[in-house]
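Let's walk through this one by question and answer. Have a look at the model first, then we'll get into the contacts.

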Amino acid sequence: MTPRLIRADQDVLGRNDRPVTITVDGEPVTGVAGQSIAGVLLAAGRTAWRYGRTGAGRGVFCGIGVCFDCLVTVDGVPDVRACRRRARDGDTVTTQTRVPSDVDTVTTQARVPSDVDGER
Amino acid sequence: MTRVVVVGAGPAGLSAAATALGAGARVTLIEAAEQPGGQYHRAPVAEFGAGRPEALQHGWRDFAARRDFVLSHPRCRFLPDTSVWALEDPDAAAPAGRPTGPTTGPTTGLVADPGRRRTDRPTHLDVAAPHDPTGPGSTAVRVPVVHVLTGPADGAGRRRQAIEADALVLAVGAHDTMLPFPGWELPGVVTAGAAQALVKGERVAIGDAVVVAGTGPFLLPVAATLLGAGSTLRQVLEANRPGRLAAGWGSRPWQLAGQAGKLPELAEYAATLARHRVPVLLGRTVVAARGDGRVEEVVTARLRPDWSVLPGTERTVAVDAVCVGHGFTPQLELPVAAGCALRTEPDGRSFVAVDADLRTSRPGVYAVGELTGIAGAPAARAEGALAGWLAAGGPDRPAVRALRRRVAAGRRFAARLAAAHPIGAAWPGWLRDDTVVCRCEEVCVGALREAADQDPRVSKLGTRAGMGPCQARICGPTVAALRSFEAARRPDDGARGASPYHRPLAQPIRLGELAASAEPDAEPPEPVPDKENP
């Protein structure tokens, strides 16, 4: 149905989970301490969190920091690869969009010229 | 004392660090992740509190012993969470009025868009020296300075350092090659490597009803890993046909003896798939994915040996995830930045050109592991071990000659792998005009076909293919292949032309981080402090 976390009581690794809670667009999302932001989002059943110009949703594609599909804004810093950034308690994650009509996109572009996605 | 910098702490890099330490060098081991292991030994971080971290791993005991030896060694400095964002040629003359910095570094425009000036060749590429017979101790040509950022991935305000070395071992590995097909941009379509990494590192199963497709033996461990995570494998599809696999793997089986460990491992995966009654189909692949906002079904089809679709063989399979891999692409930006010459296989794939001792065309710079050819972890360990020893100036010994034989065996294994699992030239036949090729900029096949006759640079600027955040890592080789499929095949000019691997900034760096001054190397190479350094 959706991506899911392997249950700790069924995990051959013998996990001893502690929760980690981040907010995603203001909504609290809880994952397992040690997961990346992408891992937390997927384990919460989310598959898409970035939207391209055509409005198509994207999430994890390469999973190892090569494709830059999974970019999110963390604590105001844009274009963080969710698959490579460890989730920390209290991280404020904001999803990103390049849909042209979206006002947030314009302000993001204007504010952060150094962002890796800022070559428009 | 020789200073060896190793970039990448996967099987190859960790072995290189271990033998370099054994040969008496001071070693700096740089790793982008929080812990060593690379993709092969990817494991949950300590925070998971795993009681049996070895449960999903092959060769964990050897790996753990090597890791502990390296990390606890007094002459080793391990830099986790550290990205190399540039390599600087110390012998390149700095332009007047500009402080010494990375060769093609932070001048105007480059930070916001490093891809635009990819034709700006680093000067050292044009003066690439022949192999240095005197080895890494020579001061004739210095190895590149390694510019790193340490801190949370893509964070602001990471610690910036410039690290000098007498020898550099590049062991940065490879990522999945993934050919596009209609619908491959849908959420739920991931690379085979992503599915593997999510289970091993995050304990997340990407879906419950999964198709694994593509070509190569790596599909087997991915499928086995997903089974272990509780997913149902609808099908495992190897695009190449039995005749091709037999021709590649079957002949001269004694040559495989050097890969002891790899074959039993693969047999174990195959047994796991058989036990779960997973259909493994040869000569068939995923040619389209469909769904509303995420993948819901895939279309599979029988393929001819050249990977053209046999009409009428299309079948639809309901899935909630599909994992695809068509072999691996080496991460060539650092070797190219170091000025290392590339070699091109007959099938068009590029790797770093190395001699039998893993020396690149750039004196003092070694390339090991998947950078030199795709042969898996045993070959990568052998290459790393040989290069690390030689980079540290270690003497020739029987053990070194044994390593050379293992490296040569790895080469033969890579050749077999490539012969058994080629990418069929007719794959672009799967594509439609509205199929996305450049995922970042959402450039479709139609636009690229229209621009196929233009100069590559004009085509790139016009379509924006390859100009997004991934900087053509995913689509670059595909766009090049499409161009040659559409137009007459152009002569390959390697790294000197518009190489899809030339990225002056190897990893993103924020302007604020660039503006902040780099800290001096935390561990001065000489006991005497450098008074020149502020």
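Q: Over the face of which ring does B:Arg439 lie, at 3.5 Å from the ring centre?
A: Here a charge sits over a ring if NZ of Lys or CZ of Arg is within 6 Å of the ring centre and within 35 degrees of the ring normal. B:Arg439 fits that at 3.5 Å from the ring centre, and the ring it lies over belongs to A:Phe61.

Q: How far is the charged end of B:Arg439 from the centre of the B:Trp184 ring?
A: B:Arg439 also has its charged end over the ring of B:Trp184. The distance to the centre of that ring is 4.8 Å.

Q: Before going further, what kind of model is this, and which pLDDT values do local features and side-chain atom pairs need?
A: Residues count from 1 along each chain as its sequence is written, chains are lettered from A and ligands numbered from 1 in the order in which they are written, and side-chain values use heavy atoms, leaving out hydrogens and water. It's a predicted model, with totals for chains, interfaces and linings using all residues, local features needing pLDDT of at least 70, and side-chain atom pairs counting only at pLDDT 80 or more.

Q: How many aromatic pairs does a search of the whole structure find?
A: Rings of Phe, Tyr and Trp (its six-membered ring) pair if their centres lie within 6.5 Å; planes under 30 degrees apart count as stacked, over 60 as edge-to-face and the rest as tilted. Searching the whole structure that way, over all chains, the number of aromatic pairs is 6.

Q: Why is the pair of B:Trp60 and B:Phe63 tilted?
A: Both residues lie in helix 2 (residues 60–71) of chain B, 3 residues apart, about one turn of the helix; helices here are DSSP runs of H or I with at least four residues, strands are runs of E with at least two, and both are numbered from the N terminus. The ring centres of B:Trp60 and B:Phe63 are 5.1 Å apart, and the pair is tilted because the planes are at 50°.

Q: Are B:Trp60 and B:Phe63 buried or exposed?
A: Buried means under 20% relative accessible area, exposed over 50%, and partly exposed in between (1.4 Å probe, protein chains only). B:Trp60 has a relative accessible area of 14%, so it's buried. B:Phe63 has 3%, so that residue is also buried.

Q: Which residues form one aromatic cluster with B:Trp307?
A: B:Trp427 and B:Trp430 form an edge-to-face pair, 6.3 Å centre to centre with 65° between the planes. B:Trp427 is buried, with a relative accessible area of 5%, and B:Trp430 counts as buried at 5%. The cluster partners of B:Trp307 are B:Trp427 and B:Trp430.

Q: How many salt bridges does the structure hold over all chains?
A: A salt bridge is a side-chain nitrogen of Lys or Arg within 4 Å of a carboxyl oxygen of Asp or Glu. Over all chains, the number of salt bridges is 31.

Q: Which residue of chain A forms a salt bridge with B:Asp208?
A: The closest N and O atoms are 2.7 Å apart. The pair crosses between chains, from B:Asp208 in the loop between strand 10 (204–205) and strand 11 of chain B to strand 1 (residues 4–5) of chain A. B:Asp208 counts as partly exposed at 26% relative accessibility, and the partner, partly exposed at 23%, is A:Arg4.

Q: How many residues apart are A:Arg50 and A:Asp69?
A: These two form a salt bridge with the closest N and O atoms 3.6 Å apart, and both are buried. A:Arg50 is in strand 4 of chain A and A:Asp69 in the loop between strand 5 and strand 6 (71–74), so going by those DSSP runs the pair links distant parts of the chain, at a separation of 19 residues.

Q: Which residue stands opposite A:Arg50 in strand 9 of chain A?
A: Two strands pair if DSSP finds at least two bridges between them. Strand 4 (residues 50–51) and strand 9 of chain A run parallel, joined by 2 bridges. Opposite A:Arg50 stands A:Gln96.

Q: In what order do the 5 strands of the open sheet in chain B run?
A: The pairing is parallel, and strands 11 (residues 209–215) and 17 (residues 321–326) pair over 6 bridges. Strand 9 (189–191) and strand 13 (280–282) are the edges, each pairing on one side only. The order is 9-17-11-12-13.
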